[in-house]
Protein chains: 2
Amino acid sequence: MKILIIEDDLSFQEILRSTLEQERYVVEVAPDYRTGLIKLSDYTYDCILLDINLPDGNGLNLLRELKEMKKTGSLIIISARDSIEDKVEGLDLGADDYLAKPFHLAELLSRIKSVMRRNNQGGEQYVSYGNVKVNPHTFEVWVGEAKVELSRKEFDFLLYFMQRPNRIVSKSMLAESIWGDHFDDVDNYDFIYAQIKNLRKRLTAWNASIEIASVYGMGYKLIEN
Amino acid sequence: MKILIIEDDLSFQEILRSTLEQERYVVEVAPDYRTGLIKLSDYTYDCILLDINLPDGNGLNLLRELKEMKKTGSLIIISARDSIEDKVEGLDLGADDYLAKPFHLAELLSRIKSVMRRNNQGGEQYVSYGNVKVNPHTFEVWVGEAKVELSRKEFDFLLYFMQRPNRIVSKSMLAESIWGDHFDDVDNYDFIYAQIKNLRKRLTAWNASIEIASVYGMGYKLIEN
DNA sequence: CTTCGATGATGAGGATTTTCATGGTTTTAG
DNA sequence: CTAAAACCATGAAAATCCTCATCATCGAAG
């Protein structure tokens, strides 16, 4: 699940980010209107946390633009002012929920979950890149129209890459995310090499339009070819 | 890691609990002084979150008693009043940190981590039950004086049980905790049966003084024999 | 341009994890 | 008390995962 935080208070942004990442969300941040809009046109997010008061414009405008772009995904408004007008206007413009600062982080987490649950009704959520499509809930994978099979760890790897297309993913990030706490600075990445090898074999066998490129000394990157 | 929350505001207690559980801590709660004291004499916790204002006594007294009991583990004071006197007195009495309400949950989480890290210096932390001792960080296990070997999943199971001695553990809890998100209401518990079987074989081979008892229709329970 | 150290890839083998088929227990209903 | 159903245990086979040894590739220094 991928979440975009649009929030100009950097320390608060950081608190949100670390909390959400601990919840295993994939998080990106934008400090202002402009950056937020760019990210939104480039990527698709499962949920957007939008602060109304931005340095370079009112968040409600961004909401209007989003509507025109016909982007899917949930949106929760975060606002310092608990004004009824803002709330009503925001919800009218298509926001899914409204949260006034200050709030408990647990409250935010439960709102995120409920909003995403609500929006998921009747339409499954997928992660797509190239001709590959992944359903994070059912662990199904399609290449083009054909459903394909892979093992659990292979799925974990693939999903992790699919959620970060075109970005460099370090081996320690992979290890951390796939093996979780069971991983304290190991100096041996053999099992990552092994999994990457297997996943690459799958991708070519499937005729997928994506591949895992090595970035020497840095890690790997999922690219379209 | 096991945490005890002593806090009378039940809704706040609940927020803390869910947050900490999402962080994979094992959480127990006590709504007042008396209950807290009972739990503390029965079990050992890695960290205690103590509210100063309790309905049946001042939390600082509990701190004094704890000191006499020579209990290990970290303690963080939570207080509605941000008074310097309380803070100084609390820290004098051996508290490891002091947090004034309201606070961000992310703040609490980082305090917990830093406090536990600090207290862990020079003395490893173990989970013990019967003649079995487990180090959650290094994944080492001892039975009596002898170090023993087991596989990763067996370790996961053992640790999960060791953190909840004498409590019934359901199969869905086990599945959830060991396989994480990769687990949506599966109707097949064969792999749990298999792991339990292997772990039991280990325990008897080691001459451990503990065993995994079945609780028909409920799950399993780690008991001393 | 060559060499060397560091980094990454690969096939094979062994260990672990999961599934499957079967049989034994416990509970409940009759 | 008996039978049926749900629940649990177990050995063996299959699938997956991780390690090891070896080889290939990359980048920096000379």
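Start by selecting the protein surface near DNA strand C: by class, you will find 9 nonpolar, 4 polar and 6 charged residues there. Keep in mind as you look around that this is a predicted model.

Now colour those 19 residues that surround the strand, and pick out the closest: A:Lys171, A:Arg200, A:Ser214, A:Tyr220 and B:Ser151. Which elements should you highlight next? On chain A, choose α8 (190-205) and β13 (210-215), and on chain B choose α6 (152-162) and α8 (190-205); each supplies at least two residues of this surface. The largest share comes from α8(B), with 4 residues.

Switch to the DNA side. Of the atoms of strand C within 4 Å of the protein, 73% belong to sugar or phosphate, and the rest to bases.

Three spots deserve a zoom:

- B:Ser151, where an N or O atom of the side chain is 2.3 Å from a phosphate oxygen of DNA strand C.
- B:Arg152, where a backbone N or O atom lies 3.5 Å from a phosphate oxygen of the strand.
- A:Lys197, where a polar side-chain atom lies 2.8 Å from a base nitrogen of the strand.

Next, hide the DNA and show where the two protein chains meet. This contact takes 20 residues from chain A and 21 residues from chain B. Together the chains bury about 1,700 Å², 53% of it on carbon and sulfur atoms. On the side of chain A that touches chain B, select α1 (10-22), α5 (105-120) and α6 (152-162), which each give two or more residues. Here α1(A) gives the most, with 5 residues. Finally, colour that side by class to see 8 nonpolar, 6 polar and 6 charged residues.

Methods:
Residues are numbered from 1 along each chain as its sequence is written. Chains are lettered from A and ligands numbered from 1 in the order in which they are written. This is a predicted model: local features need pLDDT of at least 70, side-chain atom pairs count only at pLDDT 80 or more; totals for chains, interfaces and linings use all residues. Side-chain values use heavy atoms; hydrogens and water are left out. A residue is near a molecule or strand if one of its heavy atoms lies within 4 Å of it. A polar contact is a pair of N or O atoms within 3.5 Å; within protein, one must be able to donate a hydrogen and the other to accept it, and residues adjacent in sequence count only if both atoms are side-chain atoms. Ala, Val, Leu, Ile, Met, Phe, Trp, Tyr, Cys and Pro count as nonpolar, Asp, Glu, Lys and Arg as charged, and the others, Gly among them, as polar. Contact means heavy atoms within 4.5 Å. Buried area is the accessible area (1.4 Å probe) that two parts lose on being put together, summed over both.
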